[in-house]
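Hello,

Here is the structure for you to look through. My notes follow below it.

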Amino acid sequence: DHCPGPIPSVPQPYDQEASLYNAMISPWKHVSFRSFLWYQGESNASEQDSAEYYSCRFQALIRSWRETKNHGDIPFIYMQLPPSAPSDPSGTAPDMDRPSIREAQAMASPSPFGPVDISGGVVGVDLGGKSAWGYNHPPNKPEMARRMALMNLHVAFGNQQRVTFDGEPNAAMLWTGPVPESARVQDDHDDVVVITFHNETAVGFHLADVTGVNIDGSWNNCTLCCQGQPGFEVSFNNGTNFTRVPSSNVHVSPQSATVTLTNLSALSLGNNHRPYPDYLLLRGAPVPVFAARPTTIRYGWTDFVECALRNNDSLPSAPFLMDVAPAAGETARDDVEMREIRGEVVVGIGGGHEASSSSSSSSLSSS
(Lines give C-alpha, C1' and ligand atoms only; values in the text may rest on other atoms or scores of the structure.)
Protein backbone atom coordinates (compact mmCIF):
# COMPACT_ATOMS: atom_id res chain seq x y z
CA ASP A 1 0.00 0.00 0.00
CA HIS A 2 1.14 3.52 -0.77
CA CYS A 3 1.22 6.18 1.91
CA PRO A 4 -1.19 9.06 1.30
CA GLY A 5 0.46 12.34 0.41
CA PRO A 6 2.72 13.94 -2.17
CA ILE A 7 5.67 12.12 -3.69
CA PRO A 8 8.78 13.54 -1.99
CA SER A 9 11.25 15.51 -4.04
CA VAL A 10 14.47 13.70 -4.99
CA PRO A 11 17.33 16.22 -5.14
CA GLN A 12 20.08 13.78 -6.15
CA PRO A 13 20.16 10.50 -8.14
CA TYR A 14 21.69 8.68 -5.20
CA ASP A 15 18.71 9.67 -3.07
CA GLN A 16 16.41 7.46 -5.12
CA GLU A 17 14.69 4.92 -2.87
CA ALA A 18 16.02 1.88 -4.77
CA SER A 19 19.55 3.31 -4.79
CA LEU A 20 19.58 3.88 -1.06
CA TYR A 21 18.15 0.45 -0.31
CA ASN A 22 20.47 -1.47 -2.62
CA ALA A 23 23.58 0.42 -1.57
CA MET A 24 23.01 0.88 2.14
CA ILE A 25 20.42 -1.61 3.42
CA SER A 26 20.61 -4.81 1.42
CA PRO A 27 24.37 -5.45 1.99
CA TRP A 28 23.99 -5.93 5.75
CA LYS A 29 21.08 -8.36 5.71
CA HIS A 30 23.51 -11.17 6.63
CA VAL A 31 25.22 -9.17 9.38
CA SER A 32 24.31 -9.77 13.04
CA PHE A 33 23.37 -6.81 15.23
CA ARG A 34 21.15 -6.10 18.21
CA SER A 35 19.16 -2.96 17.37
CA PHE A 36 18.59 -0.08 14.96
CA LEU A 37 19.42 3.51 15.96
CA TRP A 38 17.71 6.09 13.73
CA TYR A 39 18.31 9.83 13.48
CA GLN A 40 16.69 11.44 10.43
CA GLY A 41 13.77 13.60 9.34
CA GLU A 42 15.22 17.06 8.75
CA SER A 43 14.52 17.09 5.00
CA ASN A 44 11.00 15.74 5.56
CA ALA A 45 10.33 18.61 7.96
CA SER A 46 11.63 21.21 5.49
CA GLU A 47 9.44 19.68 2.77
CA GLN A 48 6.40 20.10 5.09
CA ASP A 49 5.54 16.39 5.14
CA SER A 50 2.44 15.79 7.24
CA ALA A 51 2.62 13.72 10.40
CA GLU A 52 0.36 11.07 8.82
CA TYR A 53 2.50 10.81 5.69
CA TYR A 54 5.87 10.61 7.45
CA SER A 55 4.51 8.20 10.05
CA CYS A 56 3.20 5.87 7.35
CA ARG A 57 6.56 5.80 5.54
CA PHE A 58 8.55 5.59 8.77
CA GLN A 59 6.65 2.57 10.02
CA ALA A 60 6.82 0.94 6.58
CA LEU A 61 10.61 1.38 6.71
CA ILE A 62 10.79 -0.31 10.12
CA ARG A 63 8.71 -3.24 8.92
CA SER A 64 10.79 -3.54 5.74
CA TRP A 65 14.10 -3.61 7.59
CA ARG A 66 12.81 -6.26 9.96
CA GLU A 67 11.61 -8.33 7.02
CA THR A 68 15.02 -7.93 5.34
CA LYS A 69 16.61 -9.44 8.45
CA ASN A 70 13.84 -12.04 8.69
CA HIS A 71 13.60 -10.98 12.31
CA GLY A 72 10.27 -9.37 13.20
CA ASP A 73 11.12 -7.76 16.50
CA ILE A 74 14.56 -6.15 16.15
CA PRO A 75 14.41 -3.12 18.49
CA PHE A 76 14.16 0.20 16.67
CA ILE A 77 15.20 3.36 18.55
CA TYR A 78 14.82 6.83 17.06
CA MET A 79 15.95 10.32 18.03
CA GLN A 80 13.19 12.91 17.85
CA LEU A 81 14.33 15.90 15.83
CA PRO A 82 16.16 18.66 17.73
CA PRO A 83 15.50 22.32 16.87
CA SER A 84 16.35 23.56 13.37
CA ALA A 85 16.94 27.14 14.52
CA PRO A 86 17.81 29.25 17.55
CA SER A 87 15.19 30.74 19.87
CA ASP A 88 12.70 32.85 17.91
CA PRO A 89 10.23 34.61 20.22
CA SER A 90 9.10 36.89 17.38
CA GLY A 91 7.88 33.94 15.34
CA THR A 92 9.47 35.29 12.15
CA ALA A 93 11.80 32.35 11.43
CA PRO A 94 10.84 30.03 8.53
CA ASP A 95 8.47 27.25 9.56
CA MET A 96 10.46 24.02 9.33
CA ASP A 97 7.55 21.96 10.68
CA ARG A 98 9.58 20.10 13.30
CA PRO A 99 6.49 19.45 15.51
CA SER A 100 4.78 17.44 12.74
CA ILE A 101 7.77 15.16 12.21
CA ARG A 102 8.24 14.69 15.97
CA GLU A 103 4.56 13.74 16.19
CA ALA A 104 5.01 11.28 13.31
CA GLN A 105 8.03 9.72 14.98
CA ALA A 106 6.09 9.32 18.21
CA MET A 107 3.42 7.39 16.30
CA ALA A 108 6.00 4.62 15.86
CA SER A 109 6.17 4.05 19.60
CA PRO A 110 4.60 0.82 20.91
CA SER A 111 0.86 0.93 21.42
CA PRO A 112 -1.94 -1.64 21.78
CA PHE A 113 -2.56 -3.24 18.36
CA GLY A 114 -0.05 -0.82 16.82
CA PRO A 115 1.83 -1.74 13.63
CA VAL A 116 5.24 -1.25 15.23
CA ASP A 117 6.40 -2.81 18.50
CA ILE A 118 9.64 -2.97 20.48
CA SER A 119 10.71 0.56 19.73
CA GLY A 120 11.61 3.63 21.71
CA GLY A 121 11.82 7.38 21.17
CA VAL A 122 14.68 9.52 22.48
CA VAL A 123 13.91 13.20 23.05
CA GLY A 124 16.20 15.90 21.66
CA VAL A 125 14.06 19.04 21.72
CA ASP A 126 16.37 20.64 24.29
CA LEU A 127 19.62 19.82 22.45
CA GLY A 128 19.67 22.51 19.80
CA GLY A 129 22.81 24.27 18.62
CA LYS A 130 24.80 25.15 15.54
CA SER A 131 27.69 23.05 14.25
CA ALA A 132 29.84 23.52 11.16
CA TRP A 133 26.90 22.03 9.22
CA GLY A 134 24.32 24.39 10.71
CA TYR A 135 21.46 23.97 13.17
CA ASN A 136 20.28 20.74 11.51
CA HIS A 137 23.32 19.04 13.03
CA PRO A 138 23.62 20.29 16.64
CA PRO A 139 26.99 19.59 18.28
CA ASN A 140 25.84 18.02 21.55
CA LYS A 141 26.10 14.47 20.24
CA PRO A 142 27.46 13.08 23.54
CA GLU A 143 24.17 13.80 25.30
CA MET A 144 22.22 12.36 22.38
CA ALA A 145 24.37 9.23 22.63
CA ARG A 146 23.80 8.99 26.40
CA ARG A 147 20.05 9.15 25.98
CA MET A 148 20.05 6.63 23.14
CA ALA A 149 22.23 4.25 25.18
CA LEU A 150 19.82 4.41 28.11
CA MET A 151 16.86 3.75 25.80
CA ASN A 152 18.74 0.93 24.09
CA LEU A 153 19.33 -0.82 27.41
CA HIS A 154 15.60 -0.65 28.09
CA VAL A 155 14.25 -1.52 24.64
CA ALA A 156 16.87 -3.94 23.30
CA PHE A 157 18.00 -5.60 26.53
CA GLY A 158 14.82 -5.41 28.56
CA ASN A 159 16.20 -3.39 31.46
CA GLN A 160 13.29 -2.26 33.65
CA GLN A 161 15.31 -0.71 36.47
CA ARG A 162 17.39 2.39 36.84
CA VAL A 163 20.80 1.96 35.22
CA THR A 164 23.76 2.12 37.62
CA PHE A 165 27.14 3.27 36.32
CA ASP A 166 30.40 2.05 37.88
CA GLY A 167 28.48 0.69 40.84
CA GLU A 168 27.49 4.18 41.99
CA PRO A 169 23.83 4.10 43.12
CA ASN A 170 23.64 7.90 43.09
CA ALA A 171 24.51 7.87 39.39
CA ALA A 172 21.62 5.57 38.48
CA MET A 173 19.48 6.82 35.62
CA LEU A 174 16.11 6.06 34.10
CA TRP A 175 15.73 5.69 30.32
CA THR A 176 12.96 8.22 29.80
CA GLY A 177 11.80 11.65 30.79
CA PRO A 178 8.36 12.37 32.32
CA VAL A 179 5.60 10.41 30.57
CA PRO A 180 2.06 11.89 30.70
CA GLU A 181 -0.81 9.53 31.42
CA SER A 182 -3.96 11.67 31.44
CA ALA A 183 -5.37 15.20 31.39
CA ARG A 184 -8.62 15.95 33.18
CA VAL A 185 -10.68 18.93 34.30
CA GLN A 186 -10.35 19.23 38.08
CA ASP A 187 -13.45 18.09 39.93
CA ASP A 188 -14.09 21.32 41.83
CA HIS A 189 -12.79 23.85 39.29
CA ASP A 190 -14.08 23.95 35.74
CA ASP A 191 -11.18 26.08 34.48
CA VAL A 192 -8.38 23.91 35.92
CA VAL A 193 -6.75 21.01 34.06
CA VAL A 194 -4.59 18.45 35.87
CA ILE A 195 -2.04 16.52 33.80
CA THR A 196 -0.94 13.34 35.55
CA PHE A 197 2.41 11.70 34.80
CA HIS A 198 3.74 8.21 35.40
CA ASN A 199 5.14 8.34 38.94
CA GLU A 200 8.50 6.71 38.32
CA THR A 201 9.30 8.88 35.30
CA ALA A 202 8.42 12.13 37.06
CA VAL A 203 10.69 11.87 40.12
CA GLY A 204 11.89 15.38 40.90
CA PHE A 205 10.50 16.75 37.67
CA HIS A 206 10.67 20.49 37.10
CA LEU A 207 10.69 23.17 34.43
CA ALA A 208 14.18 24.06 33.21
CA ASP A 209 15.34 26.84 30.89
CA VAL A 210 16.79 25.38 27.68
CA THR A 211 20.45 26.25 27.09
CA GLY A 212 23.04 25.05 24.62
CA VAL A 213 26.43 25.78 23.11
CA ASN A 214 27.26 26.25 19.44
CA ILE A 215 30.38 24.72 17.94
CA ASP A 216 32.14 28.11 17.95
CA GLY A 217 31.63 28.49 21.71
CA SER A 218 28.74 30.96 21.51
CA TRP A 219 25.52 30.19 23.38
CA ASN A 220 22.28 28.88 21.96
CA ASN A 221 20.01 29.68 24.89
CA CYS A 222 16.30 30.29 25.28
CA THR A 223 15.05 33.86 24.99
CA LEU A 224 11.66 33.76 26.71
CA CYS A 225 12.61 30.68 28.76
CA CYS A 226 10.29 29.12 31.34
CA GLN A 227 9.21 32.47 32.74
CA GLY A 228 7.97 33.70 29.38
CA GLN A 229 6.98 30.49 27.59
CA PRO A 230 6.70 27.36 29.74
CA GLY A 231 5.61 25.32 26.74
CA PHE A 232 2.01 24.41 27.62
CA GLU A 233 -0.89 25.40 25.38
CA VAL A 234 -4.63 24.87 25.64
CA SER A 235 -7.38 24.61 23.04
CA PHE A 236 -11.09 25.16 23.57
CA ASN A 237 -12.20 23.93 20.13
CA ASN A 238 -10.70 20.47 19.76
CA GLY A 239 -7.30 21.61 18.62
CA THR A 240 -8.29 24.13 15.94
CA ASN A 241 -6.64 26.98 17.87
CA PHE A 242 -4.23 26.95 20.79
CA THR A 243 -3.39 29.59 23.40
CA ARG A 244 -0.19 29.62 25.43
CA VAL A 245 -0.64 29.13 29.14
CA PRO A 246 1.32 31.80 31.09
CA SER A 247 3.97 30.66 33.57
CA SER A 248 1.87 31.99 36.46
CA ASN A 249 -0.82 29.46 35.51
CA VAL A 250 1.53 26.44 35.32
CA HIS A 251 2.15 24.56 38.58
CA VAL A 252 4.49 21.56 38.68
CA SER A 253 4.21 19.16 41.62
CA PRO A 254 6.85 16.40 41.82
CA GLN A 255 5.14 15.05 44.95
CA SER A 256 1.93 14.20 43.08
CA ALA A 257 3.56 13.81 39.62
CA THR A 258 1.18 16.39 38.17
CA VAL A 259 1.23 19.61 36.21
CA THR A 260 -1.79 21.80 36.95
CA LEU A 261 -2.92 24.50 34.52
CA THR A 262 -5.10 27.07 36.29
CA ASN A 263 -7.39 30.02 35.47
CA LEU A 264 -7.98 28.81 31.94
CA SER A 265 -11.33 30.61 31.77
CA ALA A 266 -9.45 33.89 31.41
CA LEU A 267 -7.72 32.48 28.34
CA SER A 268 -10.97 31.28 26.76
CA LEU A 269 -12.81 34.55 27.36
CA GLY A 270 -9.85 36.69 26.36
CA ASN A 271 -9.20 35.02 23.02
CA ASN A 272 -11.30 34.68 19.91
CA HIS A 273 -11.83 30.92 19.93
CA ARG A 274 -15.55 31.01 19.21
CA PRO A 275 -17.71 29.14 18.42
CA TYR A 276 -17.02 26.94 21.43
CA PRO A 277 -17.99 23.26 21.49
CA ASP A 278 -18.97 23.25 25.15
CA TYR A 279 -19.68 25.80 27.87
CA LEU A 280 -19.34 25.45 31.60
CA LEU A 281 -20.74 27.49 34.49
CA LEU A 282 -17.63 28.18 36.53
CA ARG A 283 -18.20 27.00 40.06
CA GLY A 284 -17.05 29.38 42.75
CA ALA A 285 -17.16 32.47 40.53
CA PRO A 286 -18.70 35.62 42.11
CA VAL A 287 -21.28 35.64 39.28
CA PRO A 288 -22.02 32.95 36.73
CA VAL A 289 -19.51 33.22 33.89
CA PHE A 290 -19.73 31.06 30.81
CA ALA A 291 -16.46 29.99 29.29
CA ALA A 292 -15.32 27.23 27.00
CA ARG A 293 -14.25 23.96 28.55
CA PRO A 294 -10.66 23.04 27.68
CA THR A 295 -10.73 20.25 25.11
CA THR A 296 -7.06 19.71 24.24
CA ILE A 297 -3.67 20.49 25.71
CA ARG A 298 -0.22 20.20 24.24
CA TYR A 299 3.36 20.71 25.36
CA GLY A 300 6.57 21.51 23.47
CA TRP A 301 4.81 22.11 20.14
CA THR A 302 7.40 24.51 18.69
CA ASP A 303 10.61 24.13 16.73
CA PHE A 304 12.81 25.59 19.47
CA VAL A 305 11.34 24.59 22.83
CA GLU A 306 12.10 27.36 25.32
CA CYS A 307 11.39 25.39 28.49
CA ALA A 308 11.95 21.69 29.15
CA LEU A 309 10.00 19.56 31.62
CA ARG A 310 12.79 17.36 33.02
CA ASN A 311 13.08 14.74 35.72
CA ASN A 312 15.97 14.18 38.15
CA ASP A 313 17.94 12.37 35.46
CA SER A 314 17.93 15.50 33.27
CA LEU A 315 15.74 13.68 30.75
CA PRO A 316 12.99 15.83 29.21
CA SER A 317 9.42 14.97 28.46
CA ALA A 318 8.66 14.43 24.78
CA PRO A 319 6.26 16.91 23.16
CA PHE A 320 2.71 15.65 23.62
CA LEU A 321 -0.86 16.45 22.63
CA MET A 322 -3.76 15.11 24.72
CA ASP A 323 -7.53 15.35 24.85
CA VAL A 324 -8.86 16.74 28.13
CA ALA A 325 -11.36 14.50 29.90
CA PRO A 326 -14.26 16.17 31.78
CA ALA A 327 -14.35 16.14 35.54
CA ALA A 328 -15.46 12.88 37.12
CA GLY A 329 -19.21 12.42 36.68
CA GLU A 330 -19.56 15.46 34.42
CA THR A 331 -20.74 15.55 30.82
CA ALA A 332 -21.26 18.30 28.29
CA ARG A 333 -24.35 20.42 28.93
CA ASP A 334 -27.23 19.48 26.65
CA ASP A 335 -29.31 22.56 27.48
CA VAL A 336 -26.85 25.09 26.07
CA GLU A 337 -27.89 26.94 22.96
CA MET A 338 -25.36 29.18 21.23
CA ARG A 339 -26.01 31.75 18.56
CA GLU A 340 -24.07 34.66 17.10
CA ILE A 341 -25.56 38.13 17.64
CA ARG A 342 -23.78 41.23 16.33
CA GLY A 343 -20.34 39.66 16.72
CA GLU A 344 -21.02 38.49 20.28
CA VAL A 345 -21.82 35.04 21.55
CA VAL A 346 -25.08 34.65 23.47
CA VAL A 347 -25.45 31.48 25.51
CA GLY A 348 -28.97 30.45 26.46
CA ILE A 349 -29.43 28.24 29.53
CA GLY A 350 -32.55 26.20 30.19
CA GLY A 351 -32.96 27.85 33.60
CA GLY A 352 -34.23 31.10 32.07
CA HIS A 353 -31.08 33.23 32.04
CA GLU A 354 -28.65 34.13 29.32
CA ALA A 355 -25.05 35.31 29.45
CA SER A 356 -23.64 37.60 26.82
CA SER A 357 -19.88 37.57 26.47
CA SER A 358 -17.45 39.37 24.21
CA SER A 359 -13.69 39.09 24.10
CA SER A 360 -13.36 41.69 26.83
CA SER A 361 -16.27 41.19 29.23
CA SER A 362 -19.03 38.90 30.46
CA SER A 363 -22.43 39.79 31.94
CA LEU A 364 -25.57 38.08 33.20
CA SER A 365 -29.10 39.30 32.54
CA SER A 366 -32.65 38.03 32.96
CA SER A 367 -34.48 36.91 29.83
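**What was found**

Helix H4 (98-106), strand S3 (119-122), helix H5 (141-155) and strand S17 (320-323) each give at least two residues to the lining of the second largest pocket. Helices (H or I, at least four residues) and strands (E, at least two) are DSSP runs, numbered from the N terminus. A pocket is an open set of points on a 1 Å grid over the protein atoms alone, where a 1.4 Å probe fits, with protein on both sides within 12 Å along at least five of seven lines; lining residues have an atom within 4 Å of a point.

This is a predicted model: local features need pLDDT of at least 70, side-chain atom pairs count only at 80 or more, and totals for chains, interfaces and linings use all residues. Residues are numbered from 1 along each chain as its sequence is written, and side-chain values use heavy atoms, without hydrogens and water.

Strand S17 also belongs to an open sheet of four strands, ordered S10-S9-S15-S17, with antiparallel pairing. Its edges are S10 (243-244) and S17, each paired on one side only. Pairing takes at least two DSSP bridges between two strands. S15 (residues 296-299) and S17 share four bridges. Thr296 has Asp323 in S17 as its bridge partner.

There are two disulfides (cysteine sulfur atoms within 2.5 Å). Cys222 and Cys225 form one, with sulfurs 2.0 Å apart. Its S-S torsion is about 90°, so it is right-handed. Cys226 and Cys307 are joined at 2.1 Å. That pair links helix H6 (residues 225-228) to strand S16 (residues 307-310), 81 residues apart.

Best wishes
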